[in-house]
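Colleague: I am new to this one, and I would like to see how its labels are earned. Could you show it to me and let me ask as we go?

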Amino acid sequence: MELLKERIIKDGIVINNSILKVDNFLNHQIDTSLFNEIGKEFKRIFSDVKVDKILTIESSGIAVASFAAIHFGFIPVVFAKKTSSSIIDENVYTSTVHSFTKNTDYIIRVSKKYLNNGERVLIIDDFLAKGCAALGLIDIIEQSGAITVGVATVIEKAFQKGREKIEKRGLRVESLASIEAFEGNRIIFK
Ligand code: 5GP
């Protein structure tokens, strides 16, 4: 998606040769016009697929998934929670995810009420790096008996090989901007 790549080049900051900071439009301030185009593009790419629901992970995935859901015809968005809460009851699916940006493991939770057997679920997230977040969401969908119809991500860091792990599970992966490498502050797209 050219518009997105141009924006990444304009505003992206490379940290430690592995993390892309895009707070200006994706992870802190949200460019709603760009998000609308991103949502439209996800729908275009998955126009051949029936999608009942979108599953994402808090917090940055929520806005991306919500804009996309509008283009999929106002379907529901469910987000996995990273913190336990007495408001979420015991009736949850859980999975453990390793965060490579924070170098810790955390548990994600989704209430059993919001994923149902046979539902066709598209996973959407802001970044695909090593694939841990996506694999955790896939695990939760499997536990519920729902079906993962694909994994859609705004920015893929292809050199971190998350795609391979997901495709090995027989699942489709789509990203709107795929980064091959960082060379100092330069961002090389595939
Ligand atoms: P993975 O689980 O695929 O290794 O990493 C994906 C998750 O980590 C995303 O949900 C995203 O929040 C975070 N992440 C991974 N790499 C980056 C990055 O370069 N920049 C930002 N802003 N977040 C990242």
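Modeller: Happy to. Please keep in mind that this is a predicted model. Let us start with the aromatic rings, where the count comes to two aromatic pairs.

Colleague: What makes Phe-35 and Phe-67 a pair, and why is the pair called edge-to-face?

Modeller: Rings pair if their centres lie within 6.5 Å, and the centres of Phe-35 and Phe-67 are 5.7 Å apart. Planes over 60 degrees apart count as edge-to-face; the planes here stand at 75°, so the pair is edge-to-face.

Colleague: Which parts of the chain does the pair link?

Modeller: Distant ones: Phe-35 belongs to helix α3 (residues 32-45) and Phe-67 to helix α4 (residues 60-71), with the two 32 residues apart.

Colleague: Now the ligand. How do you know that Lys-157 makes a polar contact with the ligand?

Modeller: The cut-off for a pair of N or O atoms is within 3.5 Å. A polar side-chain atom of Lys-157 lies 2.7 Å from a ligand oxygen, so this is a polar contact. Asp-126 also qualifies, with a polar side-chain atom 3.4 Å from an oxygen atom of the ligand. For Asn-27, the partner is a nitrogen atom of the ligand, at 3.1 Å.

Colleague: How much of the ligand does the protein bury?

Modeller: Taken alone, the ligand exposes 510 Å², and the protein buries 86% of that. The space that the ligand takes is the largest pocket.

Colleague: Which elements give two or more residues to the shell around the ligand?

Modeller: They are β2 (19-21), β7 (120-128) and α5 (132-144). The largest share, four residues, comes from β7. In total 16 residues surround the ligand, with Leu-20, Asp-125 and Gly-131 among the closest. By class, the shell has eight nonpolar, four polar and four charged residues.

Colleague: What makes the bond between Glu-58 and Ser-59 stand out?

Modeller: Most peptide bonds are trans. The one joining Glu-58 and Ser-59 is cis, with omega about 0°. Ser-59 is in the loop between β3 (53-57) and α4.

Colleague: And what is notable about the phi of Asn-17?

Modeller: Most residues other than glycine have a negative phi. Asn-17 is not a glycine, yet its phi is positive, about 60°. Asn-17 sits in the loop between β1 (13-15) and β2.

Methods:
Residues numbered from 1 in each chain as written. Predicted model: local features only at pLDDT ≥ 70, side-chain atom pairs only at ≥ 80, totals over all residues. Heavy atoms only, no water. Near = heavy atom within 4 Å. Polar contact = N/O pair within 3.5 Å; in protein donor to acceptor, adjacent residues only side chain to side chain. Areas by Shrake-Rupley, 256 points an atom, 1.4 Å probe, with all protein chains shown as cover. 1 Å grid on protein atoms, 1.4 Å probe; cavity = no way out; pocket = protein on both sides within 12 Å on 5 of 7 lines; lining within 4 Å. Sits in = over half its atoms within 2 Å of the grid points. Nonpolar A, V, L, I, M, F, W, Y, C, P; charged D, E, K, R; others polar. Phe/Tyr/Trp six-rings, centres within 6.5 Å; stacked < 30°, edge-to-face > 60°.
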